[in-house]
Amino acid sequence: MQITGYWYPANSSARHDAKLHIKDGHYTLKIVDNDELQGMVANVSVSDRVGNIPRKMTLENHSIFETLDNNSVDNLLHKLRHKDGSSHFIHILETRWQSITIAITLTITIVFSSVYWGLPWASEKLAYAIPVGMSEQISAGTFDVLNKYILDPSELPEARQQAIRKHFKKTLLTVQSEKFNYRLYFRQLGDMPNAFALPSGQIIVTDKLIEMADNQQEIDSVLLHEIGHVVHRHGLQQIIHNSFITIALTIMTGDATAVEEMMIALPVFLLESQYSRASESEADEYAFKHMIKLGIDPIYFAHMFEKMLSLEKDENLNSNEQPDEYSEFLSTHPASPRRIQRAKEYSAKYFHNNSIQN
Amino acid sequence: MSEPQTIHFKFSGNGGEYFRIWIVNSILTILTLGIYSAWAKVRTNRYFYGNTVLDNATFEYHATPIMILKGRLIAVAALIIYVAISKVSPIAGLAFIPILGLLAPWVIWRSIQFNARMVSYRNIRFHFHGALKEVYKILVLIPLLPIIVGGILVGISLLIDKEGKFTVILSFMVVIAFYAVFPYIQQLMTSYYINNRQYGQGQFSAQLSAEKYYKIYLTLIGLTVLVSLIIGMLIAFILGVTGEFDKITAMMQSSEDPEEVPIALVGAILFVYIAFGILSIWGTAYIQTNIKNYVLNRTSLDNIQINSSIEVGKLFVIYFTNILLLMATFGLAYPWTIIRLKKYKLESTSVTGNINEYVNQQQQKQSALGEELGDAFDMDLDLGM
């Protein structure tokens with residue numbers, strides 16, 4: 001057996017053409033312009049194979065024989081049962097199509113399921129582990145920024161604000177048991193009807209939304225939806241979920257450049273929107289159940305929602321069409337007809353319950 | 001004595017081969033809960049260095065997985081301690097952050113040293129002998145200066161200027177100053193990185209000026225503003241000519257619910273989004289190309305000159321198609337994209353000089369000094385970031 005390559009003297013960069021001859025576990029290295037070297041292959045240490053990069057064999061006198069003939073080296077190690085042949089199985093894994101197929105399938109399955117199920121599960125567990133007092137601290141900064149730079153003061157009459165606030169405290173808050181310090185704020189956000197909740201229990205409603213509502217029940221449906229977000233810790237879950245994905249992607253892609261960050265932004269966006277749709281549905285369910293508890297017909301949610309829908313211009317485009325899978329996946333809120341449908345189902349349940357009681 | 005000649009780097013790795021290494025690395029890392037990542041890193045680095053060819057000889061990566069694993073275990077231990085402390089006392093946890101900030105330069109310094117020493121070319125290793133205090137100066141002192149000075153100024157102006165208008169402008173300027181020192185820091189760090197590097201006993205050197213860095217960044221900002229204006233005018237022009245512009249303004253002004261959103265508006269938004277996506281990829285290619293070319297063309301190893309001739313257009317095409325590939329394959333094309341990128345960057349680099357003769361000289365000097373003993377505490381602390 002014969003392997004061609006280069007020979008380097010110990011600690012030297014001087015390169016000599018050389019040929020390695022092997023017979024019965026002995027080697028003879030014939031070096032151009034130099035003496036022959038001889039020894040036992042068992043005493044030679046051989047570097048692990050990675051792809052087809054040059055293989056290094058360190059001889060007894062610390063000189064090095066280097067070759068590109070990886071296959072011959074592998075054969076030699078195998079035939080002589082050399083100690084450095086033991087780590088060869090990694091290279092075998094990397095070359096057999098069977099192991100590659102298994103690796104691809106397993107990786108995709110594990111990554112997909114941990115992102116799709118594992119991450120939301122862990123985020124939820126963590127969000128519930130965070131004490132209520134801490135979510136207060138987390139929200140403090142957000143509220144200040146919103147208040148100072150994004151929202152304008154309310155122009156609703158003070159009496160109206162007081163009335164809603166009183167109703168909020170005396171009625172809506174009585175059906176939930178957790179220790180959040182709920183506070184209701186009225187603000188303006190351009191001309192948008194909107195409501196949102198911070199993890200601390202601070203709920204912000206815009207004037208436009210209040211004006212749009214035809215009765216107290218419609219306002220209640222929105223407020224209960226927001227309380228649902230707080231109770232289910234959706235804000236916190238989203239923060240945790242988001243940081244998990246960011247950390248995981250940073251570790252996976254190593255030092256991500258701006259370009260790589262951009263290209264991971266899209267899948268992150270898709271994941272986040274999918275996640276927040278689940279949150280919206282959960283908050284809806286919370287609102288429906290508690291409306292029934294308070295003796296409010298859940299149909300008011302549908303009324304309010306339909307009004308907001310007709311205002312949301314770009315959503316209007318979609319609602320005329322069939323809600324297909326694609327648009328569902330992209331949007332942050334569940335398909336609107338589905339949400340209205342759920343409200344109607346609960347409304348039916350509400351009337352059913354009432355008729356039994358009466 | 002042979003004539004000085006220019007030799008190009010070659011990269012002999014290929015996507016298919018690296019894909020198989022990468023996917024096995026990934027699944028074993030997942031199945032061993034991250035422990036295999038140390039082995040994975042060594043295999044990956046050996047693959048990339050081992051396929052980097054200069055004058056028919058390859059580079060070699062020498063770190064052992066245990067060295068990498070030690071560093072990672074320390075990092076994980078630190079993370080666990082941090083989480084435990086902040087659970088018990090959130091304030092003590094907060095105090096941990098500046099400590100981490102002060103530790104970071106040391107970690108960076110260790111890992112530059114480690115990564116230099118773990119690479120060799122024709123049996124001669126690279127070294128790094130930069131002083132630790134320099135890293136603190138570049139990465140802690142200089143970035144903090146505008147914040148400290150700016151903070152004091154804002155504080156004073158708050159006392160004098162009750163209206164607050166001037167203070168807002170001043171605060172804004174402090175933020176700009178904070179970003180404006182970035183090119184300077186980059187230049188200092190690159191100089192430090194190159195001028196303290198050795199190949200055997202050979203010394204790398206690069207004379208870099210911060211002025212050039214600022215020119216590159218300012219040109220990019222100027223071009224971005226210009227292109228943004230052109231995009232804006234183009235959209236306004238098209239909408240104006242087609243009469244869609246009036247429809248949109250009418251829709252905006254009317255309080256009634258529109259029957260349908262003008263398709264032109266959707267189109268315009270989509271166009272802007274894609275245009276700015278492409279613009280930012282191009283911007284990255286522009287910065288990468290100009291800085292890499294500038295730095296490498298000014299770098300020499302004693303009498304060996306390094307040359308780099310990356311082209312913005314070619315780099316942009318690689319970045320752009322890589323992104324499309326990654327999106328279409330949900331990331332599975334990563335090995336091909338990274339190989340393409342490395343190959344292009346590497347093969348745009350060359351060296352001029354008597355390489356063979358130079359390497360032989362280094363070898364004689366090195367033998368006289370004897371082989372440097374490895375540090376018993378050799379470990380990689382780059383945390384995979």
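1. The second largest cavity of this predicted model is lined by Tyr8(A), Glu66(A), Ala57(B), Thr58(B), Glu60(B), Arg122(B) and Asn123(B). Here a cavity is a set of points, on a 1 Å grid over the protein atoms alone, where a 1.4 Å probe fits but cannot get out, and lining residues have an atom within 4 Å of a point. About 50 Å³ of space lies in this second largest cavity, a volume being the space filled by probe spheres set on the points, with grid points joined across faces, edges and corners. Strand 4 of chain B gives the most to this lining, with three residues; strands (E, at least two residues) and helices (H or I, at least four) are DSSP runs numbered from the N terminus. By class, the lining of the second largest cavity holds two nonpolar, two polar and three charged residues, where Ala, Val, Leu, Ile, Met, Phe, Trp, Tyr, Cys and Pro count as nonpolar, Asp, Glu, Lys and Arg as charged, and the others, Gly among them, as polar.

2. On conventions, residues are numbered from 1 along each chain as its sequence is written, while chains are lettered from A and ligands numbered from 1 in the order in which they are written. Local features need pLDDT of at least 70 and side-chain atom pairs count only at pLDDT 80 or more, whereas totals for chains, interfaces and linings use all residues, and side-chain values use heavy atoms, with hydrogens and water left out.

3. A search of the whole structure finds four cavities of 30 Å³ or more, and the largest of them holds about 100 Å³ of space. The lining of the largest cavity consists of Ser47(A), Ile53(A), Pro54(A), Lys56(A) and Glu66(A) from chain A, with Arg46(B), Gly50(B), Thr58(B), Phe59(B), Glu60(B) and Tyr61(B) from chain B. The elements that give two or more residues to this lining are helix 2 (37–50) and strand 4 (57–61) of chain B, and strand 4 of chain B contributes the largest share, four residues. The lining residues of the largest cavity divide into four nonpolar, three polar and four charged.

4. Ser47(A), one of the residues that line the largest cavity, lies in the loop between strand 5 (45–46) and strand 6 (55–58) of chain A. Its relative accessible area is 18%, so Ser47(A) is buried, a label that means under 20% relative accessible area, with exposed meaning over 50% and partly exposed in between (1.4 Å probe, protein chains only). Neighbours within four places in sequence aside, Ser47(A) is in contact (heavy atoms within 4.5 Å) with Arg55(A), Lys56(A) and Arg46(B).

5. In chain B, the axes of helix 11 (residues 312–328) and helix 12 (residues 334–347) come within 9 Å and cross at roughly 175°; axes are lines fitted to C-alpha atoms, for helices over the stretch in contact, and angles run from 0 to 180 degrees between N-to-C directions. Helix 11 of chain B and helix 12 of chain B are therefore roughly antiparallel to each other, a term for angles over 145 degrees. Residues including Leu315(B), Ile318(B), Asn322(B) and Leu325(B) in helix 11 of chain B meet residues including Tyr334(B), Arg340(B), Leu341(B) and Tyr344(B) in helix 12 of chain B. The residues of this contact divide into nine nonpolar, three polar and three charged.

6. Gln362(B) is placed in helix 13 (residues 355–369) of chain B and, at 0% relative accessibility, counts as buried. Not counting residues up to four places away in sequence, Gln362(B) touches Ile124(B), Tyr199(B), Gly200(B), Gln201(B), Gly202(B) and Asp302(B).

7. Two backbone values may merit the reader's attention. Most residues other than glycine have a negative phi. His62(A), however, has a positive phi near 70°; His62(A) is found in the loop between strand 6 and strand 7 (64–67) of chain A and, at 57% relative accessibility, counts as exposed. Leu33(B) likewise has a positive phi, of about 55°; the place of Leu33(B) is in the loop between helix 1 (15–31) and helix 2 of chain B, and at 79% relative accessibility Leu33(B) counts as exposed.

8. As for the chains as wholes, chain A comes to 13 helices and 11 strands, and 45% of its 358 residues count as buried. Chain B comes to 13 helices and 11 strands, with 46% of its 385 residues counting as buried. Among contacts between residues at least 6 apart in sequence, 60% join residues at least 24 apart in chain A, and 75% do so in chain B.

Notes. Parallel < 35°, antiparallel > 145°, perpendicular 65-115°, else oblique. 1 Å grid on protein atoms, 1.4 Å probe; cavity = no way out; pocket = protein on both sides within 12 Å on 5 of 7 lines; lining within 4 Å.
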